[in-house]
Structure formats: structure tokens, C-alpha cells
Amino acid sequence: MSIWEYANPKKFMQTSAWLLPWAVGLTVLCLGIGLIWGFFFTPDDYKQGATVKIIYIHVPAAMMAINVWVMMLVTSLIWIVRRHHVSALAAKAAAPIGLTFTLIALVTGAFWGQPMWGTWWAWDPRLTSFLVLCLFYLGYIALWQAVENPDTAADLTGVLCVVGSVFAMLSRYAVNFWNQGLHQGASLSMDAKENVSDVFWLPLLICIAGFVLLFIALVLMRTRTEIRTRRAQALMARERLA
Amino acid sequence: MMPDLGKYAFAVLASYGATVVLLAALVALSFWQRARAKRLLDEVEARAGKTDG
Amino acid sequence: MIALLIRDLRLAFRTGGGFGLGLAFFLLVAVLVPLGVGPEGGTLGKIAPGILWVGALLACLLSLDRIFALDFEDGSLDLLATSPLPMEGAVAVKSLAHWLVTGLPLTLAAPALGILLNLPPAGYGWLVLSLALGTPALSVIGTFGAALTVGLKRGGLLLSLLVLPLYVPTLIFGAEVVKRGAAGMEVATPLALLAAITAGAAGLLPFASAAAIRVNLR
């Protein structure tokens, strides 16, 4: 029994079919509790007023936007090194989710920035790197769609993902260098001084768990879709040969 | 029941609204793609089954 | 390798496209921006470093799809793949040829356009130096994008979408050098980082580009 067993599409389909309802249920539970708690039952911040409620979607979406890319990098590397199809398809399935999270982070950030900074958008390092991340997601998805042969597409997007990761890191440091930001520091860090206060902490944590679960549920479902499509394509190719 | 959002009502509600819209779009897209893939696979498998047997 | 370089250069000169087109585009940007922004020298001088860098970047982008397209169509790319020259080497030579045809003329033309844009006198040296250091990175990164999209029918727009985010660090450091240089500030840090990006890209990206080409030729 090793983790590579799940690289077998059939095994993956079985396991994910069992796992998916749990993931969906837990997602609904966590997001429900977290968002309702956050929206209805937390006090306003003394400085930011009611806008602090945006944190329950802004921070988890932003965290996941980055983590999804990391997951895509890992699965792409697994595909490049070990040639497991499920891995490549999981990366493909994850990209639109990552793009959506990036957009959510950008949009909620704009709505938050408007009353707090007096502007929808500022060329702040964090905002700018998210815009760049958004472009990376778009390019990645576009490349998947443009290449017809699925194995070629998986290889090319895999290489793009690895190279893109390096340049995404570079961009992150480049924009930091280029402009000092308006954006506050990390909301969640080990350094308690920087942290958000306790009232907001717990519902935020639940919301983050909810977003992680939402991603897991969606990525399982979308990977299953991709596997089905691949199987249909393979069968159709066999039909044409016969 | 509804908390008093004060002058920030628009910012908060718009953020939640936009998030719901975006996530709903993503989920709808995923379900639509799933249905399409399932239909396609069922079709092809039915055909393959016929020619095999 | 040298034969390949000479052949690529000769092709580029004969078809004319890349060479003239990039320069013409660069000139257009330098003419259109003042028309759009207004003729005040102070404003223009302030944005000149950014405009010149963005112009050079876009001019570079224009000719990228030519790097492999012709060779792919007439099959010489397959020949290159089977030749004793490793693909990494061939790709690097292609990038070099692209730079000689677009990046180098852009670098040399930039001071003249700097006059049009009222660039402060202290900026000219840094402009040329930063472009000379930065445009090779643009060519190498662009070659990677071209390698990814080599077999595609409508690769042009996709190529821009793929390459543009990869250009971000180079653009930022490059424009920063000129901006600081023009303002008489210290430029060593962005200049060193720009050089590091170019060196890193030129050293490592040909491997990724060659891998992409091999996948596309499979």
C-alpha cells in the first residue's frame, strides 16, 4: 500500500467517489458555521468598522489562491517525473478553482480598499503580485485549452507551471522592491503581535478550513470529470482505429 | 437579526455578493462539465459495449 | 552552432520583418505616448523610463512567434532535433539570434527616443546599460514562450499571454534602473538584480525551452 496506488485512475475514481460526499458535507458545514458566525456574531473592529467582516472571505481566498498554485506545481512535478496521468489532470482541474479564488481575493480586496484606503486599487506589492498570479492562471488555462493532444498539453503546461513558479516568486520580490505597500502585514502569523485579535480569529480559522475543504471537494469532482473525459477520448480513438 | 453594518454596508454586502456569484459560477461550470463528461462517456461506453459483444 | 546563428541572422535580414518591425513599433510608441499624454516636458521626463522599457518589451514581443514558426513549418526544426547539436544549444542560439535582431537595435535606438520623451540627461547611460542587460532576458524568456506554442495554429495571442507575466521582474528592475539613474540615485541594487535575472534566465531557460520543443515535435 503506497500513495502511488491512487495514481491509478480506477483506484482514484473509487476512492474519490467515497470521499466526495464527505468533502462536500464538511465544506458546507465549515463555510456555513464560519461565515454565519463571522457575518452575524462578530463585533465591528474599532478602526475598520463593519468592513472587517470581509476578512472571512478575503483572507481564506487569498491563501488558497497561492496554495492552489503550489498544489499545481507539486502535481505537475509528479507528472513530469513519474508520468501519472491523474496527477496532470488534477493540476488541470485545479487551475480554474485557483483563478476563481484569485478573483475573489482581488474583488473583495477592492471593495475593502475603497472605504479603508479611499481607492479601489493601489499598485501595492500584494495587490500587484495577485494581479500577476491571475495572469499566470489565465495563461496556464489558455495553454491547456489550446493544445489538442492531451499528453502534449500536460507536458507543456507542466513545464510552464514549473517555470512560472520561479518567475512568480521573482515577481513577488520584484514588486516588493518596486513599491512599499498600503496593505497590512500578515493576518495570521506565529508572531502574536501581528495577529488579528481573538474575536475574529476562530471564525476566520473555520472559514479557512471551509475554503480548503471547498477546494478539495471541487478538485476531486473536477478531476473525476477530467478522467471521464480522457476515458471517453481514449475509447473514441479506439473506435476510429477499429 | 441583520447586523448593523453602518456606512460600510455596501462594501461588505458587495464583497459577499461577488464571492457568492463567483463561487456559484465555478460550481455551476464544474457541474455542467461533469454532466457533459458523464453523458459523453456513457454514450461511448454503450457503443463500445455493443461492438465488443 | 555558428552556422545556425549565421543562417538565422541571414533569414531575419532577408525577410526584413523582425528587424524593422520591432524598431518601427518602438518608434511608434515613443511618438504616440507624448501625443496622448501631452507635451509637458516634466511629465514626459518622469514617465520616459517606464515608457521606453514597456515599448522595448512590446517590440520584443512582436517578433517572438517568428523564432520557431518558420522552421517548424518547413521541417528544419525536425532536422535540428536530429542533428548532433543538442536542442538546448540550438534554442540558445535561436535566442541569441533573436536578441541580435531585436534587442540590440532597440538598445541602440533607445537614446534617440529618449530625446523625444525628454528623458533627463543623467538617464541615458543607464537606459542603454539596462536595456543591454535586460533585453537578452526578454529574448530568452520569449524563446521559451515560443517553444511552448510552436505547434499551435493561433499561437500569437496565447504567446503574449504566456510571456507577459514572465516579463514582470525584468521590466520592474529594468525600468527601476533608468528611473533611479535619471533621478541621480544609487542604481547598483536593481542593476545587479536585473543582471542576475538575465544570467539565470539565459543559463536555465534553454533547458525548459528545449524540453518544450521536444514535446511539441513528438
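In which helix of chain C is the place of C:Leu106?

This is a predicted model, in which local features need pLDDT of at least 70 and side-chain atom pairs count only at pLDDT 80 or more, while totals for chains, interfaces and linings use all residues. Residues are numbered from 1 along each chain as its sequence is written, and chains are lettered from A, with ligands numbered from 1, in the order in which they are written.

**Exercise 1. Locate C:Leu106 and describe its surroundings.**

Step 1. C:Leu106 lies in helix α6 (residues 87-116) of chain C. Helices (H or I, at least four residues) and strands (E, at least two) are DSSP runs, numbered from the N terminus.

Step 2. The next point is burial. A residue is buried if 20 or more other C-beta atoms lie within 10 Å of its own, exposed if 12 or fewer, and partly exposed in between, with C-beta atoms placed from the backbone. C:Leu106 counts as buried because it has 25 C-beta neighbours inside 10 Å.

Step 3. Contacts come next. Two residues are in contact if their C-beta atoms, placed from the backbone, lie within 7 Å. Leaving aside residues up to four places away in sequence, C:Leu106 touches C:Gly22, C:Leu23, C:Phe26, C:Ala56, C:Ala59, C:Leu131 and C:Thr135.

Step 4. C:Leu27 is 79 residues from C:Leu106 in sequence, yet their C-alpha atoms are 9.6 Å apart in space.

Step 5. One partner of C:Leu106, C:Ala56, also touches C:Phe26, C:Ala110, C:Leu131 and C:Thr135, again not counting residues up to four places away in sequence. A nonpolar core is a set of buried Ala, Val, Leu, Ile, Met, Phe, Trp, Tyr and Cys residues joined through C-beta atoms within 7 Å. The largest such core has 150 residues, and C:Ala56 and C:Ile141 touch the most other members. The element that gives the most to this core is α3(A), with 18 residues.

**Exercise 2. Describe chain A and the packing of its helices α2 and α5.**

Step 1. Chain A has six helices and zero strands. Of its 242 residues, 45% count as buried. Among contacts in chain A with a separation of 6 or more, 78% join residues 24 or more positions apart.

Step 2. Two packed helices are described by the angle between their axes and the distance between the axes. Axes are lines fitted to C-alpha atoms, for helices over the stretch in contact, and angles run from 0 to 180 degrees between N-to-C directions. For helix α2 (residues 55-82) and helix α5 (residues 150-178) of chain A, the axes come within 9 Å and cross at roughly 130°.

Step 3. Angles under 35 degrees count as roughly parallel, over 145 as roughly antiparallel, 65 to 115 as roughly perpendicular and the rest as oblique. α2(A) and α5(A) are therefore oblique to each other.

Step 4. On the α2(A) side, the contact is made by A:Met72, A:Leu73, A:Ser76, A:Leu77, A:Trp79 and A:Ile80, which meet A:Ala154, A:Gly158, A:Cys161, A:Val162 and A:Ser165 in α5(A). These residues divide into eight nonpolar, three polar and no charged. Here Ala, Val, Leu, Ile, Met, Phe, Trp, Tyr, Cys and Pro count as nonpolar, Asp, Glu, Lys and Arg as charged, and the others, Gly among them, as polar.

**Exercise 3. Determine which chains touch.**

Step 1. Two pairs of chains touch, and the most contacts are between chains A and B. In that pair, 26 residues of chain B are in contact with 30 residues of chain A. The chain B side has 16 nonpolar, six polar and four charged residues.

Step 2. Chain B itself has one helix and zero strands, and 19% of its 53 residues count as buried.

Step 3. Between chains A and C, 21 residues of chain A are in contact with 21 residues of chain C. On the chain A side, α5(A) gives the most, with twelve residues. That side comprises 17 nonpolar, three polar and one charged.

Step 4. No contact joins chain B and chain C, and their closest C-alpha atoms lie 22 Å apart.

**Exercise 4. Examine the positive phi values of A:Arg83 and C:Asn118.**

Step 1. A:Arg83 is not a glycine, yet its phi is positive, about 55°. A:Arg83 is found in the loop between α2 and α3 (85-117) of chain A. Because 13 other C-beta atoms lie within 10 Å, A:Arg83 is partly exposed.

Step 2. C:Asn118, also a residue other than glycine, has a positive phi near 60°. Its place is in the loop between α6 and α7 (123-148) of chain C. With 17 C-beta neighbours inside 10 Å, C:Asn118 counts as partly exposed.
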